[in-house]
Each structure stands twice: as C-alpha cells, then as structure tokens.
Amino acid sequence: MSTSPSTPTRGTGPTATGNTGRTPRLPRTPWTIAATAALAIITAGAFTTLAGLLVGPLHAELGWSRGAIGVGSAVNMVVYGATAPFAAALMDRFGMRYVTTGALGLVGVGAVLTATAMTAAWQFALYWGVLVGLGTGATAMAFAATVTERWFVARRGLVTGLLTAASVVGQFVFLPVLSEVVGRYGWRAAALTLAGAAVLAAPLVWLTLRDHPAEVGQRPHGAVEFVPRPAPVRGAARRAVRVLLRAARTGPFWLLAGTFAICGASTNGVMWTHFAPAAHDHGMPMTAAASLLALIGIFNVAGTVASGWLTDRRDARRLLAAYFALRGLALLALPLLLTATVRPPLVAFVVVFGLLDVATVPPTIALCRAHFGPDAAVVFGWVNSAHQVGAGTVAFLGGAARDAFGSYDLVWVGTAALCATAAMLSLASPGAHRPDRR
C-alpha cells in the first residue's frame with residue numbers, strides 16, 4: 001500500500017470525507033468496517049469449499065473423472081491465489097469498495113453459469129475455476145490484510161485473526177446446509193443458492209465499506225494522530241509486479257512463500273477438497289462428512305482468533321513452526337481414524353485440525369509486515385498465491401492418486417511430511433517480527 005500522503009480536503013473532524021466532500025449518512029468506525037469486510041469474506045468464502053461437494057455429483061451425473069474435476073478445482077485455487085496481489089494493488093488505485101463489490105458480482109456470475117450453462121469439464125474450469133476464483137481471490141486474506149493495515153494500528157493481529165475466522169465461517173459453517181441442498185435438490189441448486197447470497201451481500205458492502213479512515217474523518221484504531229488518505233496509486237498491475245520483483249530478491253519472501261504453499265497443500269488442497277470424498281469412500285454419508293468439516297470451521301474460528309492474539313505477543317516464527325508440526329501429526333493419524341461412522345478419535349482430530357487449520361495466517365501477515373512494511377498487503381498477496389499453487393497442486397494430485405490407487409492414504413501421509421518441512425522452514429525465517437502488546 002502506498003504511503004504517499006495527500007492533503008485532506010477539510011481538517012481532521014467528521015466532515016473530512018476525502019474525495020466525497022460529504023458527511024456519511026451511516027456511522028463508520030474501524031470495527032464497523034471490519035464487520036462489513038467480514039460479511040464480504042464470509043459470502044465469498046462459502047464458494048471455496050463447495051467444490052468438494054461437487055466431486056461426487058459431477059462424477060455421477062456427467063461421467064467426468066475425479067482427475068478432470070480436480071483440474072477445475074486446481075484452476076480455481078491457482079486463480080484465487082494469483083488474483084490476491086493484483087486485487088490488493090487495485091484497492092490502492094480504486095478503493096476497497098469498488099473492488100470488493102465487483103468481486104462479489106464475479107462469484108455470482110460464475111456460480112450461475114456453472115449451474116445453468118456448463119456441459120463440459122473445461123467449462124467447469126472456466127466458470128468455477130476462473131470466474132469464481134477471481135472473485136474469491138479478491139475478497140480473501142490479502143483483502144483482510146489491507147483492511148487491517150488501513151483501519152488499525154493497534155490490535156492488528158487480533159483483527160487479522162477475526163477476519164480470517166470470517167473466511168472460515170464462510171468456508172465451513174455453511175457446508176452442512178449446502179450438503180443438504182445438494183442431497184435434496186441437486187448440486188445446481190447449491191450453486192444458485194450461493195449466487196443469491198452474493199447478490200444480497202453486494203449492495204450492503206457497497207453502502208457501508210469505505211477505503212480509508214480519513215474518508216470519514218477518523219483515525220485508524222489505536223492511532224494517536226490523524227492519518228491523511230494516501231493518493232491513489234496508478235498502474236496497479238505494474239506495481240504488483242514491481243513489488244514481487246523486489247520481494248523475490250530477499251530470502252524471507254521465499255521462506256514465507258514456501259511455508260504458505262505447504263499451508264495451502266495441507267488445508268485447501270487436501271482437506272477442503274478431498275476429506276468429504278475420502279470419508280465417503282469409507283462408507284460415511286456425505287452429510288456427516290460435511291458436518292465434520294463444519295465442525296472444523298467452528299474450531300477454526302477459535303484457533304484463528306487465538307492465533308491473532310498470540311501473534312500480538314509472541315514470536316511469529318515459533319508459532320508457525322508449532323502449528324505446522326502439530327498439523328502434520330494430525331494428518332499422519334487421519335488414515336487410521338476414517339470409518340463409516342463418526343467416532344470420538346475422529347472428532348478429536350477434527351477439533352485439533354480446526355484449531356490449527358488457518359492459525360498460520362496472522363503470524364504470516366505479521367512477518368510480511370515486519371519484512372516488507374508498506375508493501376506488506378501486496379507481498380502477502382503473492383505469498384497467498386504460493387498458498388493456492390500448493391493447494392491446487394495437491395487438489396489435482398489427490399484426485400489423480402485416488403483414481404490410480406483407489407485410496408487417499410498416500411495423500412495424507414505425503415502432506416504430513418510437507419508439514420514437517422514447513423515447521424523447519426518457519427524457524428529459518430529471520431526474526432524481524434516485533435510483537436504488538438498494545
């Protein structure tokens with residue numbers, strides 16, 4: 001995000017409204033903006049895990065192989081990740097409100113086309129992979145980092161955790177409902193339900209979200225002085241690429257990108273895409289598997305908020321190492337726990353994995369901020385791209401492994417080994433992070 005100051009049009013009071021020159025009709029505080037961002041993140045997040053529920057129905061109805069369906073999921077994840085840095089730069093150019101509302105429109109269009117116009121596997125890759133991937137990528141964790149960077153000075157780790165938890169709510173909590181819709185009315189009805197949610201959320205986001213505290217005459221939460229709104233940064237695509245080229249010359253960037261790629265492989269790539277069909281392979285009903293994913297989402301909220309709180313107080317590198325090590329142990333045990341019924345050991349796995357699943361986000365954003373300063377949101381967008389490359393790779397390889405070996409066991413064990421590698425890489429990162437104890 002650019003730090004070049006621009007002169008406010010009027011003082012520092014409530015009438016300083018940036019380029020609008022008008023007092024806003026609705027009260028907008030940093031926490032109100034965070035809540036609005038959470039609404040957009042929840043809505044878009046619901047799209048990211050529906051693909052796991054579509055594998056079986058698409059295979060049964062259209063006769064596509066799981067590998068072909070996995071290609072569409074992989075495209076979605078890679079596009080999701082590649083969009084993030086450019087979306088962060090576009091927010092510096094046009095503002096968060098325009099980009100976020102447009103992103104919700106894209107996911108709605110992609111879902112409608114998937115449900116009504118799709119007849120071939122390549123169309124799944126286009127409609128769900130590209131269009132939905134673009135929209136969800138623009139409203140993902142880089143968006144959360146941008147909101148936190150602009151509207152908060154204190155409690156950034158906590159707010160990052162809360163917004164990340166919002167993405168988890170969208171990704172998992174609605175899964176049982178969507179699973180029920182798929183079972184009763186078919187997969188097309190589930191896709192159209194999400195499209196309707198995006199249509200309802202878009203106007204609320206447009207009316208409430210604002211780009212910078214100075215636009216409504218406020219200070220960022222925890223700031224002592226009024227912070228002028230930075231001038232729009234032109235050439236968003238060029239800036240995103242320039243930031244990448246600068247960051248890519250540093251060791252911390254590659255360490256963060258490597259660990260976050262493994263994070264994506266061990267969450268989106270394997271759990272969010274393949275857990276439900278793997279459980280179904282063991283005789284578990286799809287609705288029960290989706291309910292377990294929803295339970296993961298519930299504990300994700302607690303784990304991510306706690307991780308944000310800890311990130312304000314502890315060394316982010318050590319937190320990441322602990323999270324990855326424990327996640328790897330959990331994945332290593334999973335093949336022994338999957339059965340046709342939900343038993344206590346599997347519930348224990350769900351609780352542990354839920355607490356660890358996206359707990360890696362607050363410390364990773366904190367390390368990006370510590371190493372890259374004003375460019376942190378864009379750099380995190382690129383790091384998140386690595387996350388989605390890892391996720392997309394394992395989403396595809398997991399489906400291919402299931403087709404080849406008739407089981408997901410090799411996928412769980414291999415992903416656990418990757419988590420052990422990420423734990424060691426986390427400790428190798430330079431210690432630039434300073435906990436925020438305010």
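Is Q218 buried, partly exposed or exposed? Select Q218 in this predicted model and display its surroundings. Because its relative accessible area is 23%, Q218 is classed as partly exposed. The residue belongs to the loop that runs between α9 and α10 (236-247). Next, add T29 to the selection: although 189 residues separate T29 and Q218 along the chain, their C-alpha atoms are 7.7 Å apart.

**Helix α9**

From the loop, proceed to α9 by selecting residues 187-208. This helix contains 22 residues, and the distance from its first C-alpha to its last is 32 Å, close to the 32 Å expected at 1.5 Å a residue. Colour its buried residues, which are W187, A190, A191, L194, A195, A198, A201, A202, V205 and T208. A general point helps in reading such a pattern: in an α-helix there are 3.6 residues a turn, so residues three or four places apart point the same way. Now show α1 (30-48), α2 (50-62), α4 (96-117) and α8 (175-185), against which the buried residues of α9 pack.

**A patch on the surface**

Remain on helix α9 and select W206, which lies within it. W206 counts as partly exposed because its relative accessibility is 31%. Then add L90, F94, Y98 and L207: together with W206 they make a nonpolar surface patch of about 500 Å². Two elements, α3 (66-94) and α9, each give two or more residues to this nonpolar patch.

**The nonpolar cores**

Turn next to the interior. The largest nonpolar core comprises 88 residues, and M271, F380 and W412 have the most contacts inside it. Helix α11 (residues 251-281) supplies the largest share of this core, namely 14 residues. A second core, separate from that one, has 26 residues, including A38, L104, A201 and A202.

Which residues surround M271, once its neighbours within four places in sequence are left aside? Select S266, L293, I296, L331, L334, F349, F353 and W412, with each of which M271 is in contact.

**L255 and its distant partners**

The last stop is L255, in helix α11. With a relative accessibility of 19%, L255 counts as buried, because the limit for that class is under 20%. Show S429 as well: L255 and S429 are 174 residues apart along the chain, yet 6.3 Å separates their C-alpha atoms. Beyond its neighbours within four places in sequence, L255 is in contact with L425, A428, S429 and P430.

Methods. Residues are numbered from 1 along each chain as its sequence is written. This is a predicted model: local features need pLDDT of at least 70, side-chain atom pairs count only at pLDDT 80 or more; totals for chains, interfaces and linings use all residues. Side-chain values use heavy atoms; hydrogens and water are left out. Helices (H or I, at least four residues) and strands (E, at least two) are DSSP runs, numbered from the N terminus. The expected span of a helix is 1.5 Å times one less than its number of residues. Buried means under 20% relative accessible area, exposed over 50%, partly exposed in between (1.4 Å probe, protein chains only). Contact means heavy atoms within 4.5 Å. A nonpolar core is a set of buried Ala, Val, Leu, Ile, Met, Phe, Trp, Tyr and Cys residues joined through side-chain atoms within 4.5 Å. Patches are made of residues with over 30% relative accessible area and no salt bridge: like charges are joined within 9 Å, nonpolar side chains (Val, Leu, Ile, Met, Phe, Trp, Tyr) within 5 Å. Accessible areas come from the Shrake-Rupley method with a 1.4 Å probe; for residues, only the protein chains shown count as cover. A salt bridge is a side-chain nitrogen of Lys or Arg within 4 Å of a carboxyl oxygen of Asp or Glu.
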